[in-house]
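Hi,

Here is the structure I promised to pass on. Have a look at it first, and my notes on what turned up follow underneath.

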Amino acid sequence: MPHYHAPLRDMRFVLHEVFAADTLWARLPALAETVDAETADAILEEAAKVTGELLAPLNRSGDEEGARWNNGVVSTPAGFREAYATYIEGGWVGLAGNPAYGGLGMPKMLAVQFEEMLYSANASFTLYSALTSGCCLALDAHASEELKQRYLPRLYSGEWAGTMCLTEAQAGSDLGLLHTRAEPQADGSYAISGSKIFITGGEQDLTANIIHLVLARLPDAPAGSKGISLFLVPKFLVEADGALGARNALSCGSLEHKMGIKASATCVMNFDGASGYLVGEPHKGLAAMFTMMNYERLSIGIQGIGCAEASYQNAVAYARDRLQGRAPGGAQAPQKSADPLLVHPDVRRMLLTMKALTEGGRAFSTYVAQQLDLAKHAEDAGERHRAEALVALLTPIAKAFFTDTGLESCIHGQQVFGGHGYIREWGQEQLVRDVRIAQIYEGTNGIQALDLLGRKVVANGGVALRLFAEEMRAFVDEPASRPFARELLAALERLESVSAWLLDQTGKDPALVGAVAVDYLNLFGYVAYAYMWARMAAVAQASRASDETFYGTKLATAGFYFAKLLPRIHSLEAVIRAGSTPIQNLADDQF
């Protein structure tokens, strides 16, 4: 049976030693009185218990049983309701929420560590509260004060859940094609009619109410994405005093039968004149919804890291115990019938790849969260604007690169187990199935790549890229003796050179961005991880004498990353510079 134990030592290393989170929090007035290193560590310790002891044991049984639909009623697997009740008692849904409406106000740098634990322990369970957290963000940023007062406290408490209703049968990535209608009513509400698909937690038995955020068109809406508005549509209407009223005119038509995350209810939702309330301004709903979507994109990226960490932990344990063959240089355990799998170089290659990518992703998710905290809480306007630019630049990388490498790592973990990795008993095949969706939902990774290259680099002439590059150069220059500084600088120069070439060529070739965007995002991702590994290595080198085991391991893993993984950027550069012609040469009827 698989087991999960939160990597608390590494999380504390990233938070406190690499990013000096407590120093940052102390200078941000909104956080200074809320959190310090001791508080953060206590929260992480408790989170490790919740995820390892409460949620992880339900992961396999939840997958086997799945969510069930019966005449519009959805039941979650055995144990989920009880676990959810315990989960919300701890206030976990509102961990980073606005204290003005009942949230705990913790920084995002801390919240991402908790999210990783959740996805490692039980991705299906996690999705119910992850959507609620994103719903809260959108309402807090765009809803009227009346709506916030009525809905946010019960959402932050976890008594109610939230969803995101975007996709329709004919409108996936192109939301401008959606048909759902919103008709104004005399009382100021709107009658919402239409069907949405792929709605996570659209119906479930965990909470007393479900608050749907629905994209729809008003009668006077212009065509395309500029004519979309956002509406709050509760499963049960809410009275002025907060009491639940009548059932709204909406229903769950069916559940999708999926490859993975089977305990997460993925619903077809039908709205039949349901009462809804406008969130934000008319025709500007897509911009409001992107507040939620950008949160979910980072969260789903972390799903990749979390599943990879769970796969790594179990693959290492198996490689230590499983006896197969002898080490290349001779028997390492001559008293036994064979040596452990861990002695074989190819098994070590897979495990080190998993370790280097997962720990690099953990550092990068914390870095992006740091920028989110600065964008939200920094007193200096210039510091806020810089952080906002970096968040915009790095979010598509976080979503896509975390999930691409997360799948790679889960496949490596399955491979370490050999045939045992393909059967249900050991849990590795479930992790492969569960993590696969993360490359697809919340905007496919191809869409993320187009966003990065087309909007965040080419459209603004690489302004945000230069901010990130300047930060990396400042790190390399001070002091010059930092480990892997030369390798990081060379990788940065390669990224800058490729970016400059693309900026020059895109005006000449309209197909170029679409042809090379994925390769560019991956190249950028490896360079960003190199920056994270250089920062971690600098701390490890300075602290090695105090703990050779931990810091020596960190330095050795950094050495593996720079020697064996970062060189992937050379082939990516070659593919990018080959341009769009090899892709465009084939006529449509030749496929």
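Let's start with a pair of helices: α14 (residues 445-458) packs against α17 (residues 512-543) at an angle of about 90 degrees, and their axes are 8 Å apart. That angle makes α14 roughly perpendicular to α17. Keep in mind throughout that this is a predicted model.

If you want to click through the contact, α14 brings Gly446, Gln448, Ala449, Leu450, Leu452, Leu453, Gly454, Val457 and Val458. From α17 come Val513, Gly514, Val516, Ala517, Val518, Tyr520, Leu521 and Phe524. Sorted by type, the residues of this contact are 13 nonpolar and 4 polar, with no charged ones.

Now for the charged side chains. The structure holds 33 salt bridges, and here are a few you may want to look at.

Take Arg424 and Asp63, which form a salt bridge with their closest N and O atoms 2.8 Å apart. Arg424 sits in the loop between α12 (381-416) and α13 (428-436), while Asp63 belongs to helix α5 (residues 59-65), so this pair ties together parts that are 361 residues apart in sequence. The two ends are not equally covered: Arg424 is partly exposed, at 35% relative accessible area, whereas Asp63 is buried, at 4%.

Arg326 and Asp339 form another salt bridge, with 3.1 Å between the closest N and O atoms. Both lie in the loop between α10 (285-321) and α11 (345-377), so the parts tied together here are 13 residues apart in sequence. Arg326 counts as partly exposed at 33% relative accessibility, and Asp339 is buried at 0%.

Then there is Glu359 with Lys355, a salt bridge whose closest N and O atoms are 2.7 Å apart. These two are 4 residues apart in helix α11, so about one helical turn separates them. Both Glu359 and Lys355 are buried. They also belong to a network of salt bridges that links them with Asp10, Glu116, Glu309, Arg362 and Lys554.

What about disulfides: how many does the structure hold? It holds 0. Cys165 is in none, and the nearest cysteine sulfur, that of Cys267, is 9.2 Å away. Cys165 is also buried, with a relative accessible area of 0%. Cys252 is in no disulfide either, with the sulfur of Cys267, its nearest, 3.8 Å away. Since a disulfide needs the two sulfurs within 2.5 Å, that pair does not count as one. Cys252 is buried too, at 3% relative accessibility.

One last spot to look at is Trp92, in the loop between α6 (80-89) and α7 (108-121). Is Trp92 buried or exposed? With a relative accessibility of 9%, Trp92 counts as buried. Leaving aside neighbours within four places in sequence, Trp92 is in contact with Ile43, Glu46, Ala47, Val50, Tyr87 and Phe114. Of these, Ala47 is 45 residues from Trp92 in sequence, with 8.6 Å between the two C-alpha atoms.

That's what I have for now. Shout if you'd like to go through any of it together.

Cheers

Methods. Residues are numbered from 1 along each chain as its sequence is written. This is a predicted model: local features need pLDDT of at least 70, side-chain atom pairs count only at pLDDT 80 or more; totals for chains, interfaces and linings use all residues. Side-chain values use heavy atoms; hydrogens and water are left out. Buried means under 20% relative accessible area, exposed over 50%, partly exposed in between (1.4 Å probe, protein chains only). Axes are lines fitted to C-alpha atoms, for helices over the stretch in contact, and angles run from 0 to 180 degrees between N-to-C directions. Angles under 35 degrees count as roughly parallel, over 145 as roughly antiparallel, 65 to 115 as roughly perpendicular and the rest as oblique. Contact means heavy atoms within 4.5 Å. Ala, Val, Leu, Ile, Met, Phe, Trp, Tyr, Cys and Pro count as nonpolar, Asp, Glu, Lys and Arg as charged, and the others, Gly among them, as polar. A salt bridge is a side-chain nitrogen of Lys or Arg within 4 Å of a carboxyl oxygen of Asp or Glu.
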